[in-house]
Amino acid sequence: MADGPIGRRSAVLASLLEGVGWSVARLAHEVNREMGVGYVSRTTVSEWINSSRVPRQPLPTLVAHVLSQATGAPVAVSQLWPGVARSPLCVAADDGTWVSWDLQGTKALISGWLANGGDVFDSDRRVFMAVSGTALTAPAWQYVGQIGNVPQPGAFEKVLGASGFSDTKVSPALLEYFTSLIGAFRRMDDLDGGSKENLKQIGIAIRQVNGYLHNGAFTEKGTAQSLVSTLATLAQIAGWMAFDAELHGLAQRYFRLGLQATHSVNDHGLGAHILSFMSYQAAHRNQPHEASALAEAAVRAAGKAHPIVRTVAMTRVAHAHAITGNVYGFQSASAHVRQLFEQAQQSGGRPSYLYWLDSTAADTYQGHSMLLLSLLTPRSARSQLDEAERLLAAEVDQTGPDRPRDALFFGAWLARAHIKKGDLYRGLGLAETAVDRMSAVASPRSRKVLQDLDHDLSNLRQSRNLPEVRSLRQRLQSALVA
């Protein structure tokens, strides 16, 4: 990306980096975490500081945002580059979302999506920058605090939609159409992951639903409430797809919309599920405090939900303990997970959005958490890694068509763990299988694990020049480029 003219050293940017303890490489990493791997190089960032080179939008707005998150205080674009204005199309994920937890707030969020692109551009034109700290966790606790304060069924038609004379009619048949899309989007995610095309299609569906909720006339009582419920489910799926696409700001935006919609229809089981996803996303982004807080909020929200919902929430508690190396906390939460899963099996029935949580998936998530724990606790790492591999075996070794993305993701992580722990040839074998699966899966989150795996292999000392390692890296790099 071309930059502006070169001037003298940028003392403000250098001072801010020194204040948060960031290197040039760290700032490049944080920018790339928002915009995608390789968006800017360390050399480019160095030129911003040492030569005061002015980057083009959206980079100035993005750099100001990540530094604001790091310092805990607002950093204006003009502080970093005098004369440069903030880009109106590059906004924080929580921009405009601090609304009331009632139907007026729901309508405000719906309007926000429609005001930026809509049918004219077939997409929202904004780039959403991920938030952290209280900007991320405060709405979760607000949500928990509002449980029980729900609108009366008749209020939906009074607040949402247009007048009864609107030509845009919302009938049970239209509602059935949108409901039918939910299963298709779930299948698309299971098979393909967070591809750009999948995100585009579900984004179109959400904008259509938002349009009907904003401008439609509801032909039967209860249709508006049912359509909000459909919106909640679509937002949950879209948030997960965006997370898998490594578009974390967009994911947070969808999750926030989903929380608002679940609150409106009093579906706090789905709300707890969304909070669980938000916790998992925070853990993935190396935000342990946020991951723990969001997991606890999910547990609170799931208090009266089906045991399978509480199982997922407690799974995120265990995961949050694992990424901080808290062995006792992880073991305690994992024991609770097993109890809740047994209760769920005995209870029968389950919400449709947890169709995927079978015994294999339950073992998989426990195994992944244990694997991450093994990388942080050297004393018992070998036994933990062996147990993690046992739990991950069914998912990693599966050859069926049901969850190829998960098989790739967890297999790549297991390969990384073995290589880091010195079992090179076991790791190489798992990595070969993961590379073989790449052509069938469009999941940037999974590809990132493979990029990290390639980095691990490049850092091997004596083994990196072995023929087996060189061959795998050549295959891996070719697949990543493709």
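**From a cis proline to the core**

Pro 58 is found in the loop that runs between helix H3 (42-50) and helix H4 (59-71). The model is predicted, and in it the peptide bond from Gln 57 to Pro 58 is cis, with omega near 15 degrees. Most peptide bonds are trans, and most residues other than glycine have a negative phi. Two further loop residues, Glu 246 and Asn 286, are taken up below with the second part of that rule in mind.

The setting for these loops is the chain as a whole. Its secondary structure comes to 23 helices and 4 strands. The radius of gyration is 23 Å, close to the 23 Å that the globule rule gives for 482 residues, so the chain is as compact as a globular protein of that length. Taken along the principal axes, the box filled by the C-alpha atoms is roughly 75 × 65 × 40 Å. Of the 482 residues, 54% are buried. Contacts in the chain also reach across the sequence: among those between residues at least 6 apart, 75% join residues at least 24 apart.

The interior can be followed through its nonpolar cores. In the largest nonpolar core, which has 129 residues, Leu 213, Leu 275, Leu 371 and Leu 450 touch the most other members. Helix H12 (residues 223-244) gives the most to this core, with 13 residues. Another core lies apart from it and has 25 residues, among them Leu 17, Leu 27, Val 77 and Leu 80.

Which residues does Leu 213 touch, not counting those up to four places away in sequence? They are Ile 110, Leu 160, Gly 161, Phe 218, Ala 224, Leu 227, Val 228 and Leu 231. Of these contacts of Leu 213, Ala 224, Leu 227, Val 228 and Leu 231 fall within the residue range of H12, while Ile 110 falls within that of helix H6 (103-114).

Just beyond H12, the loop between H12 and helix H13 (248-264) holds Glu 246. Glu 246 is not a glycine, yet has a positive phi of about 65 degrees. At 14% relative accessibility, Glu 246 lies under the 20% limit and therefore counts as buried.

Asn 286 offers a second case of positive phi, with a value near 60 degrees in a residue other than glycine. Asn 286 sits in the loop between helix H14 (268-284) and H15. Is Asn 286 buried or exposed? With 63% relative accessibility, Asn 286 counts as exposed.

From that loop the chain enters H15 (residues 288-301), which packs with helix H8 (residues 134-145) at an angle of about 10 degrees, their axes being 10 Å apart. That angle is under 35 degrees, so H8 is roughly parallel to H15. On the H8 side, the residues that meet H15 are Leu 136, Thr 137, Ala 140, Trp 141, Tyr 143 and Val 144. On the H15 side they are Glu 290, Ala 293, Leu 294, Glu 296, Ala 297, Arg 300 and Ala 301. Sorted by class, the contact of H8 with H15 has 9 nonpolar, 1 polar and 3 charged residues.

One more loop deserves a look. Thr 97 is placed between strand S1 (90-92) and helix H6 (103-114). Its relative accessible area is 5%, so Thr 97 is buried. Leaving aside residues up to four places away in sequence, Thr 97 touches Leu 109, Arg 253 and Arg 256. Leu 109 falls within the range of H6, whereas Arg 253 and Arg 256 fall within that of H13.

Conventions. Residues are numbered from 1 along each chain as its sequence is written. This is a predicted model: local features need pLDDT of at least 70, side-chain atom pairs count only at pLDDT 80 or more; totals for chains, interfaces and linings use all residues. Side-chain values use heavy atoms; hydrogens and water are left out. A nonpolar core is a set of buried Ala, Val, Leu, Ile, Met, Phe, Trp, Tyr and Cys residues joined through side-chain atoms within 4.5 Å. Buried means under 20% relative accessible area, exposed over 50%, partly exposed in between (1.4 Å probe, protein chains only). Helices (H or I, at least four residues) and strands (E, at least two) are DSSP runs, numbered from the N terminus. Contact means heavy atoms within 4.5 Å. Axes are lines fitted to C-alpha atoms, for helices over the stretch in contact, and angles run from 0 to 180 degrees between N-to-C directions. Angles under 35 degrees count as roughly parallel, over 145 as roughly antiparallel, 65 to 115 as roughly perpendicular and the rest as oblique. Ala, Val, Leu, Ile, Met, Phe, Trp, Tyr, Cys and Pro count as nonpolar, Asp, Glu, Lys and Arg as charged, and the others, Gly among them, as polar. The radius of gyration is taken over C-alpha atoms; the globule rule is 2.2 Å times the number of residues to the power 0.38.
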